[in-house]
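Reader: Please take a close look at one pocket in this model, and then place it in the setting of the strands, helices and loops, with the cut-offs behind each term stated once.

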Amino acid sequence: MKAVVIREHGGPEVLRVEEVERPKPAAGEVLVRVRAVALNHLDLWVRRGIPGAPFHLPMTTGADVAGDIAELGAGIDDISVGTPVMVLPGVSCGVCKRCLAGQDHLCSQYGILGETRPGGQAEYLAVPRENVVPKPERLSYEEAAALSLTFLKAWHMLVGRAELREGETVLVQAAGSGVGSAGIQIAKYFGATVITTAGSAEKLDAAKDLGADYTINYREENVAKRVREITQKRGVDVVFEHIGGETFENSLKCLAWAGRLVTCGATTGIQANVNLRHLFFKSQSILGSTMGTKAEYHELVRLYDEGHFKAVIDRVLPLHEVKRAHEVLENRQAFGKVVLIP
């Protein structure tokens, strides 16, 4: 089969589409014929490499997958070959205390497709049976691929960690990102007032179409100052943060008393300044968040099926244009997801 293979860290030039052996599903696994796979910043990190966080190469990236069941491993009899499915991107051991408590995303063996095991930028992908969920008929394969990882992250950030409540005000950083566009929709679903940021008028208009109540062009305005104006100096209840060093300090300045900042990433750097006096004096919280649970994923698929959320797709490209896809994501040229078709 054809697959994108990374054999060394570097720029987009290290991405190669190669002929590799088609995987065979082990006992308890299914083989998925990949119909669409969406990119995430994780794909960029695996390609570039991160000091102190080794990735085992060669690796095929791609966590967000939709396709059809092509083959069943031994012991699987509750799903049929040909069933269209969405793939849960996180894999855990399934037997430890945290997995059994429904906290599988905290499993010590937890990994993400395309990071710790082969991902879906290929024609076929073998995954545990519990990682596939029937695809809602109303979703195309491209839409289904664009929804998984970013919505799971955003849901766990806002619901599982920040415990968002109706009527609160949320600042969603970087509306044009996949997780940002998901955060806007989830916050509106829970009845929040949403303020969001982006670097162009086009992205801000698209954010309004998703339901954002207020938009801020971070290239032209002081975000913290504008947030204080919008909230009449109160600040926001929740900051949805995933940018890191470039925005983190200003994000803290946007918080109200007893506000919560929740973060799932640091795409612009891992170092940030924190004013501890403000943090404890104003009873504010900084919450880390990573991925989400299987139960949360099943709840999201139900909501997709009911039409509450929509996939935000910037463009769809064939697999052999994977280098171009990386360049688009890396240069912040996309609003929403970039999807590849094997």
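Author: The account below begins with the pocket and then moves through strands, helices and single residues.

The model is predicted, so local features are described only where pLDDT is at least 70 and side-chain atom pairs only at pLDDT 80 or more, whereas totals for chains, interfaces and linings use all residues. Residues are numbered from 1 along each chain as its sequence is written, and side-chain values rest on heavy atoms, with hydrogens and water left out.

The second largest pocket (an open set of points on a 1 Å grid over the protein atoms alone, where a 1.4 Å probe fits, with protein on both sides within 12 Å along at least five of seven lines) has a volume of about 270 Å³, a volume being the space filled by probe spheres set on points joined across faces, edges and corners. Its lining, made of residues with an atom within 4 Å of a point, comprises 18 residues, and those nearest the centre are M1, E21, P23, T60 and P118. Sorted by class, the lining holds 12 nonpolar, two polar and four charged residues (Ala, Val, Leu, Ile, Met, Phe, Trp, Tyr, Cys and Pro are nonpolar, Asp, Glu, Lys and Arg charged, and the others, Gly among them, polar). Two strands, β1 (2–6) and β8 (124–128), each contribute at least two of the lining residues, and β8, with three residues, provides the largest share. Strands here are DSSP runs of E with at least two residues, and helices runs of H or I with at least four, numbered from the N terminus.

From the pocket the description passes to a set of paired strands. Strand β4 (residues 64–72) has seven of its nine residues buried, so the rest of the structure largely encloses β4; buried means under 20% relative accessible area, exposed over 50%, and partly exposed in between, with a 1.4 Å probe and protein chains only. Strand β4 pairs with strand β3 (residues 29–38) in the antiparallel sense over eight bridges, where pairing requires that DSSP finds at least two bridges between the strands. Within this pair, V34 has G67 of β4 as its bridge partner. Strand β4 is also paired with strand β5 (residues 84–87), again in the antiparallel sense, over four bridges, and in that pair A66 is matched with M86 of β5. The loop between α1 (41–48) and β4 contains P58, which is joined to L57 by a cis peptide bond with omega of about 0°.

A parallel arrangement is found elsewhere in the chain, where five bridges link strand β16 (residues 313–318) to strand β17 (residues 337–341), and V316 stands opposite V339 of β17.

Turning to the helices, α5 (residues 201–209) has K203, L204 and A207 as its buried residues. These three lie on the same side of α5, because they cover an arc of only 100° around the axis, the arc being that of the directions from the helix axis to the C-beta atoms. The exposed residues E202 and D209 sit on the face of α5 turned away from the buried side. In helix α3 (residues 141–161) one finds V159, which counts as partly exposed because its relative accessibility is 26%. The C-alpha atoms of V159 and G120 are 28 Å apart in space, although the two residues are separated by 39 positions in sequence.

Two residues other than glycine have a positive phi: Q232, at about 55°, and A258, near 65°. Most residues other than glycine have a negative phi, and most peptide bonds are trans. Q232 lies in the loop between α6 (223–230) and β13 (236–241) and is exposed, at 73% relative accessibility. A258, by contrast, belongs to strand β14 (residues 255–263) and is partly exposed, at 44%.

Strand β14 also holds L261, which counts as buried at 0% relative accessibility; the C-alpha atoms of L261 and M157 are separated by 9.6 Å, with their positions 104 residues apart along the chain. S177, in the loop between β10 (169–172) and α4 (178–189), is buried too, at 17%, and its C-alpha atom is 12 Å from that of L149, 28 residues away along the chain.
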